[in-house]
Amino acid sequence: MSTPFRWGILGTGGIAEMFVTDLRATGIQVAAVGSRSQESADAFGARFDIAARHPTYEALVADPDIDAVYVATPHPMHAENALLAIEAGKHVLVEKPFTLNAGEAAEVAEAARRAGVVVLEAMWTRFLPSMVRIREIIAAGTLGDVRTLIADHDQLLPSDPQHRINNPELGGGALLDLGVYPVSFAVDLFGAPTSVTARGGKTATGVDRQVALILEHAGGAISVLHTALDTQGANTATVVGTEGRIEIDSVWYNQASFTVYAGKDGGVLERYDEKVVSRGMQFQAWELERIVRDGRRESALLPVDESVAIMAVLDEARRQVGVAYPGE
């Protein structure tokens, strides 16, 4: 593709605003936005200087002047909206969590394969330069045999029962909004777990309030993870190997600083403090663009089957904690 890659934004909520802000800051072309009303599409388009403003999602995905669709709707709508874009022949970046559950994720993955389009989960942390560098350090053998990940994602979020985070109708709960980050990190490091142990508690509305997870992986690696929606945590992460460790500063799932320590004497081997423009959500957009331009069908950094596997972990954790969503 010699012409600029053109994005369409499906949904006009807060996450769409953050994504488009980062795209605008880095020169990525946003050509269209679609909402469930013309008023909402117009307001979003005016704020971000987007020319094409569609009153329905169907009109957005039918727009011939966009190359890919970013799905930014609430969790229960991800699969439906992704399938809509896939059917229209558009490449799709689906906001995390990929879908509501693994069954939906597998359906989206298969639909994309049949249509010959790219579908990518918008787990933006995967594509940040800080995570690229961490993978390089591990691949170089600096940490020796990597055995353990310890990571948390705990936030003090609104307690209003009608808020999306507390509403089972909208896929609320700590796991899908917050816990998906450390789970995805664990799968990135060690592959899909061979066993999942989860313990937690629920809110009065029936969604998971906090969850502690132990994931066992092939080769003996273990991930110790925690997530909560009603307490502010340190939000740090540590990767531990036989020859050293990486301590990632708060907030670890952003473009974060980290320190690499030697295992025996604890000496500092590397301090990483690289900054990026804006928040860093542009890197996932560039990843999808590269895949399309290279004629590939999925990302080596986050294959679609891995997104399905991550949803399966979250499904099993919810099952053990006793959380099910309407219609499941």
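Asp49 is exposed, with a relative accessible area of 61%. The exposed label applies because that value is over 50%. This is a predicted model, and Asp49 is a useful place to enter it. The residue sits in the loop between α2 (38–48) and β3 (52–54). Its backbone stands out: phi is positive, about 55°, although Asp49 is not a glycine. Most residues other than glycine have a negative phi.

Move on to Asn235. Here, too, phi is positive in a residue other than glycine, with a value near 55°. Asn235 belongs to the loop between β10 (222–228) and β11 (237–241). Is Asn235 buried or exposed? Asn235 is buried, with a relative accessible area of 2%. The buried label follows because 2% is under 20%. So Asp49 is exposed, while Asn235 is buried.

Next come the peptide bonds. Most peptide bonds are trans. Which bond next to Pro97 is cis? The bond from Lys96 to Pro97 is cis, and its omega is near -5°. Pro97 lies in a loop, with β5 (91–95) on one side and α5 (102–115) on the other.

Another cis bond joins Ser250 and Val251. Its omega is about 0°. Where does Val251 lie? Val251 is placed in the loop between β12 (244–248) and β13 (258–262).

To retrace the backbone: Asp49 has a positive phi in the loop between α2 and β3, and Asn235 has one in the loop between β10 and β11. The cis bonds are Lys96 to Pro97 and Ser250 to Val251.

Conventions: Residues numbered from 1 in each chain as written. Predicted model: local features only at pLDDT ≥ 70, side-chain atom pairs only at ≥ 80, totals over all residues. Heavy atoms only, no water. Helix = DSSP H or I, 4+ residues; strand = E, 2+ residues; numbered from the N terminus. Buried < 20%, exposed > 50% of the residue type's maximum accessible area, 1.4 Å probe, protein only.
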